[in-house]
Amino acid sequence: MIKPQWQQLIAGEAKQSYFKNLVKEVATQRASEISIYPAEGDVFNAFNHVDLAEIKVVILGQDPYHGKDQAHGLAFSVQEGIKVPPSLVNIYKELATDVEGFEIPKHGCLTHWAEQGVLLLNTVLTVQQANAHSHAKLGWETFTEQAINALNEHNDGCVFILWGAHAHKKGKNINQEKHLVLAGPHPSPLSAYRGFFGCKHFSQANAWLAKHEVNQVDWHLPLEA
């Protein structure tokens, strides 16, 4: 299901020693019955929906949710039937004030965005259950840095939405003559009131896309999953 350009990127990285070591370590942990999220088949879910050249917006997260059955490979998104996490609750609050007619859904599944060309990318793609940042030094950052570099170089123009200091660092080399970079506080309850609320990143992203004659993102979500 991974789109062809993303397949090419992943295949290239898979030849590198860091990636081989990373995959081996994650597989070893899974085999030892440590619960790893997301499920093996969802690790690269962010790359399944729209290919590199057609990405319109990148929303950068950190690592997957570490609660049971939450993560499914899309940053900030949770599987159907799972309680909406606090950061996503705050994202919905911002959408309700920023996007005309947005109604807060009863679920946290953001696949509708991914299907339109929103890359919901965590900088680390796996995590141990109940152990945030547990895979932060395994090598995923190197891989996702290459994904961001590929977008920077080979995508004709997209919007990078970077929330929090961690994401800001990832955006330092993005060509802002070609792409739009929107940076602000993280939507977590610890920082959302420092400027995330009222940032209007969703409407700003669509205004930029419209200016560049690209179809805007329909940020509205189905009310029921």
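## A walk through the model, starting at Asn206

Select Asn206 to begin: with a relative accessible area of 10%, Asn206 is buried, because anything under 20% counts as buried here. Keep in mind as you go that this is a predicted model. Asn206 sits in helix H7, which spans residues 201–211. Now show what is around it in space. Leaving out residues up to four places away in sequence, Asn206 touches Gln216, Val217 and Trp219.

**Stop 2: H3 against H7**

Stay with H7 and add helix H3, residues 86–98. Two packed helices are described by the angle between their axes and the distance between the axes. The axes of H3 and H7 come within 8 Å and cross at roughly 55 degrees. That makes H3 oblique to H7. Of the residues in this contact, 3 are nonpolar, 2 polar and 2 charged. To see them, show side chains for Ile91, Glu94, Leu95 and Asp98 on the H3 side, then His201, Phe202 and Ser203 on the H7 side.

**Stop 3: the loop leading into H7**

Step back along the chain into the loop between strand E6 (180–184) and H7, and pick Lys200. What sign does phi of Lys200 have? Phi is positive, about 60 degrees, although Lys200 is not a glycine. With a relative accessibility of 39%, Lys200 counts as partly exposed.

Next, select Phe196, which is in the loop between E6 and H7. Is Phe196 buried or exposed? Phe196 counts as buried, at 0% relative accessibility. Leaving aside neighbours within four places in sequence, its contacts are Asn90, Ile91, Glu94, Trp163, Pro185, His186 and Pro187. Ile91 and Glu94 should already be on your screen from H3, where they meet H7. For a distance check, draw a line from the C-alpha of Phe196 to that of Trp163: these residues are 33 apart along the chain, and the atoms are separated by 8.1 Å.

**Stop 4: Asp63 and the annotated domain**

Color residues 48–209, where UniProt (unreviewed entry) places the feature "domain: Uracil-DNA glycosylase-like". Over that stretch the chain is 29% helix and 14% strand, and the end C-alpha atoms lie 22 Å apart.

Inside that range, go to Asp63, which carries the UniProt annotation "active site", again from an unreviewed entry. Asp63 is found in the loop between E2 and H3 and is buried, with a relative accessible area of 14%. What does Asp63 touch, not counting residues up to four places away in sequence? Select Asn122, Val124, Val127, Ala132, His133 and Ser134 to see those partners.

**Stop 5: Ser77**

The loop between strand E2 (57–61) and H3 also holds Ser77. Its relative accessible area is 0%, so Ser77 is buried. Beyond four places in sequence, Ser77 is in contact with Tyr65, Gln70, His72, Gly108, Cys109 and Leu110. Add Leu9 if you want a long ruler across the view: Ser77 and Leu9 are 68 residues apart in sequence and 24 Å apart in space, C-alpha to C-alpha.

**Stop 6: the nonpolar core**

In soluble globular proteins, nonpolar side chains tend to be buried together. Here the largest nonpolar core has 69 residues. Which of them touch the most other members? Show Phe47, Val57, Ile59, Trp113, Trp140, Phe143 and Trp219. Helix H5 (residues 140–154) gives the most to this core, with 6 residues. You have met Trp219 before, as one of the residues touched by Asn206.

Zoom in on Phe47. Setting aside neighbours within four places in sequence, Phe47 is in contact with Met1, Ile2, Lys3, Trp6, Ile10, Leu119, Leu121, Leu125, Phe143 and Ala147.

**Last stop: two backbone details**

Turn on backbone atoms and find the peptide bond from Tyr37 to Pro38: it is cis, with omega near -5 degrees. Pro38 is in the loop between strand E1 (36–37) and E2.

Then move to Glu33, in the loop between helix H2 (17–31) and E1. Glu33 has a positive phi, near 70 degrees, in a residue other than glycine. Is Glu33 buried or exposed? At a relative accessible area of 73%, Glu33 is exposed.

Key: Residues numbered from 1 in each chain as written. Predicted model: local features only at pLDDT ≥ 70, side-chain atom pairs only at ≥ 80, totals over all residues. Heavy atoms only, no water. Core = buried A, V, L, I, M, F, W, Y, C linked by side-chain atoms within 4.5 Å. Buried < 20%, exposed > 50% of the residue type's maximum accessible area, 1.4 Å probe, protein only. Helix = DSSP H or I, 4+ residues; strand = E, 2+ residues; numbered from the N terminus. Contact = heavy atoms within 4.5 Å. UniProt positions renumbered as here; feature names shortened; annotations may be inferred. Axes fitted to C-alpha atoms, helices over the stretch in contact; angles between N-to-C directions. Parallel < 35°, antiparallel > 145°, perpendicular 65-115°, else oblique. Nonpolar A, V, L, I, M, F, W, Y, C, P; charged D, E, K, R; others polar.
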